[in-house]
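Here are some notes to read alongside the model, written as numbered points. Please keep the structure open and find each place as it comes up.

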Amino acid sequence: MLRFLPPPVRGAIAATLLVLNTLFWCALLFAASLVKLVLPVKALRPRIDRILNAIAANWIAGNSGWMRLTQRAKWDVAGFEDLERRGWYMVNCNHQSWVDILVLQHLLNRRIPMLKFFLKRQLIYVPVMGLAWWALDFPFMRRHSDAYLKSHPEKRFEDLETTRRACQKFALVPTSVMNFAEGTRFTKAKHRSQRSPYRHLLKPKAGALALALSVLGDKFRWFVDVTIVYPGGAPTFWQFLCGNMPEVVVRARRLPIPAEFRSGDYARDPQFRKSIQHWLQELWQEKDRQIDTLLQGHPPKSPG
């Protein structure tokens with residue numbers, strides 16, 4: 001409806017609608033969270049968590065609304081037809097931009113249970129949203145460099161323990177655990193620094209995924225592997241708000257979770273760790289080839 005407007009105007013309108021939508025639903029979210037804090041009764045927690053998740057789902061629906069109003073991107077989507085809102089899901093995806101999160105939320109909202117992401121610890125300080133993520137029990141991870149871990153080996157499994165505690169909370173209410181296995185957004189500089197063996201991807205990390213599987217393995221119905229491709233290049237968040245994303249291609253597929261991955265000690269069992277890393281690397285090889293194919297079938301287009 002507003003796609004005829006100049007990109008900066010569309011961006012300003014989209015940003016305003018995003019802020020208003022966020023403030024409205026976060027006010028309700030914080031009120032419900034306060035009830036959970038004041039009444040820390042285990043029997044009440046699943047009910048309040050369902051209310052919190054419903055509020056978050058309405059926030060995502062509001063974002064989808066302003067996206068339809070202001071965006072003119074072509075969406076080429078497949079593989080989401082057989083998903084259900086009941087049960088638990090492990091969702092895995094490649095990561096290129098903050099826009100990935102809006103794309104995933106837009107496509108998966110109310111198709112499967114609420115998506116819960118693993119977030120960097122620093123994001124808890126993001127105004128409003130940091131508190132909202134905390135209220136929704138999103139796990140905040142401390143990411144240490146290899147150099148730091150060499151001098152502080154006791155910190156090596158700190159993130160794994162954070163993941164374990166978060167997944168124990170996820171067991172109370174049907175949840176979709178979202179994992180960006182690369183651990184960070186793809187850039188050419190990171191790709192060169194890692195000497196990644198993949199053309200379009202960074203090396204995957206299996207730790208958080210493995211621990212989520214070991215804690216919630218018996219609950220997960222499916223492993224949902226999602227691939228996002230931006231034929232015109234991954235947009236920044238502002239470019240997305242302005243409508244400068246000509247096309248997005250998304251493919252999803254449901255995969256069974258190998259029975260042996262539903263239990264195991266990733267931190268202390270070398271054989272288990274090797275097996276799940278090998279499984280993830282094979283998925284990444286397939287995803288890399290899939291991205292090649294999708295890019296060939298969707299040549300870049302001008303933002304117009």
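1. A good place to begin is threonine 184, which is found in the loop between strand E6 (176–180) and helix H7 (188–194). Please bear in mind throughout that this is a predicted model. Although threonine 184 lies in a loop, it counts as buried, because its relative accessibility is 18% and the cut-off for buried is under 20%. Its side chain makes a polar contact with the side chain of lysine 190, at 2.7 Å. Leaving out residues up to four places away in sequence, threonine 184 touches His95, Lys120, Lys190 and Leu202.

2. Asparagine 21 is a polar residue to compare with your own view of the model, and its place is in helix H1 (residues 7–38). With a relative accessibility of 12%, asparagine 21 counts as buried. The side chain of asparagine 21 makes a polar contact with the side chain of tryptophan 25, at 3.2 Å. If neighbours within four places in sequence are set aside, asparagine 21 is in contact with Trp59, Gly62 and Asn63.

3. Which residues have the most contacts inside the largest nonpolar core? That core has 52 residues, and the ones with the most contacts inside it are Val91, Leu104, Val226 and Ile228. Helix H2 (residues 45–70) gives the most to this core, contributing eight residues. Valine 91 shows what such a position looks like: not counting residues up to four places away in sequence, it touches Leu108, Ile112, Leu115, Ser176, Val177, Met178, Asn179, Val224 and Val226. As general background, nonpolar side chains tend to be buried together in soluble globular proteins.

4. A second core, separate from the largest one, has 34 residues, including Met90, Ala166, Ala208 and Ala210. Alanine 166 is found in helix H6 (residues 158–170), and at 9% relative accessibility it counts as buried. The C-alpha atom of alanine 166 is separated by 7.3 Å from that of phenylalanine 138, although the two residues are 28 residues apart along the chain.

5. The structure holds seven aromatic pairs, and one of them joins phenylalanine 261 and phenylalanine 272. A pair of aromatic rings is described by the distance of the centres and the angle of the planes. For phenylalanine 261 and phenylalanine 272 the distance is 6.2 Å centre to centre and the angle between the planes is 85 degrees, an edge-to-face arrangement. Phenylalanine 261 lies in the loop between strand E8 (247–255) and helix H10 (270–297), whereas phenylalanine 272 lies in helix H10, so the pair ties together parts that are eleven residues apart in sequence. Both phenylalanine 261 and phenylalanine 272 are buried, and they belong to one aromatic cluster with Phe223 and Trp279.

6. Helix H10 deserves a closer look, since you have just met part of it. H10 has 28 residues and reaches 41 Å from its first C-alpha to its last, close to the 40 Å expected at 1.5 Å a residue. At the start of H10, a side-chain oxygen of aspartate 269 reaches to within 3.1 Å of the backbone nitrogen of glutamine 271. Among the buried residues of H10 are Phe272, Ile276, Trp279, Leu280 and Leu283, and the charged residues Lys287, Asp288 and Asp292 are listed as buried too. What covers the buried residues of H10 includes strand E2 (88–93), helix H8 (207–216), strand E7 (220–229) and E8. It helps to recall that an α-helix has 3.6 residues a turn, so residues three or four places apart point the same way.

7. Two charged side chains are placed over aromatic rings. The charged end of lysine 219 sits over the ring of tryptophan 88, 4.5 Å from its centre, and the charged end of arginine 254 sits over the ring of tryptophan 222, 4.2 Å from its centre.

8. Finally, please check two backbone angles. Most residues other than glycine have a negative phi. Arginine 110, however, has a positive phi, near 65 degrees, and its place is in the loop between helix H3 (99–108) and strand E3 (115–117). Valine 128 also has a positive phi, near 65 degrees, and lies in the loop between strand E4 (119–120) and helix H4 (129–135). Arginine 110 counts as partly exposed at 37% relative accessibility, and valine 128 counts as partly exposed at 32%.

Definitions and conventions:
Residues are numbered from 1 along each chain as its sequence is written. This is a predicted model: local features need pLDDT of at least 70, side-chain atom pairs count only at pLDDT 80 or more; totals for chains, interfaces and linings use all residues. Side-chain values use heavy atoms; hydrogens and water are left out. Rings of Phe, Tyr and Trp (its six-membered ring) pair if their centres lie within 6.5 Å; planes under 30 degrees apart count as stacked, over 60 as edge-to-face and the rest as tilted. Helices (H or I, at least four residues) and strands (E, at least two) are DSSP runs, numbered from the N terminus. Buried means under 20% relative accessible area, exposed over 50%, partly exposed in between (1.4 Å probe, protein chains only). A charge sits over a ring if NZ of Lys or CZ of Arg is within 6 Å of the ring centre and within 35 degrees of the ring normal. A polar contact is a pair of N or O atoms within 3.5 Å; within protein, one must be able to donate a hydrogen and the other to accept it, and residues adjacent in sequence count only if both atoms are side-chain atoms. Contact means heavy atoms within 4.5 Å. A nonpolar core is a set of buried Ala, Val, Leu, Ile, Met, Phe, Trp, Tyr and Cys residues joined through side-chain atoms within 4.5 Å. The expected span of a helix is 1.5 Å times one less than its number of residues.
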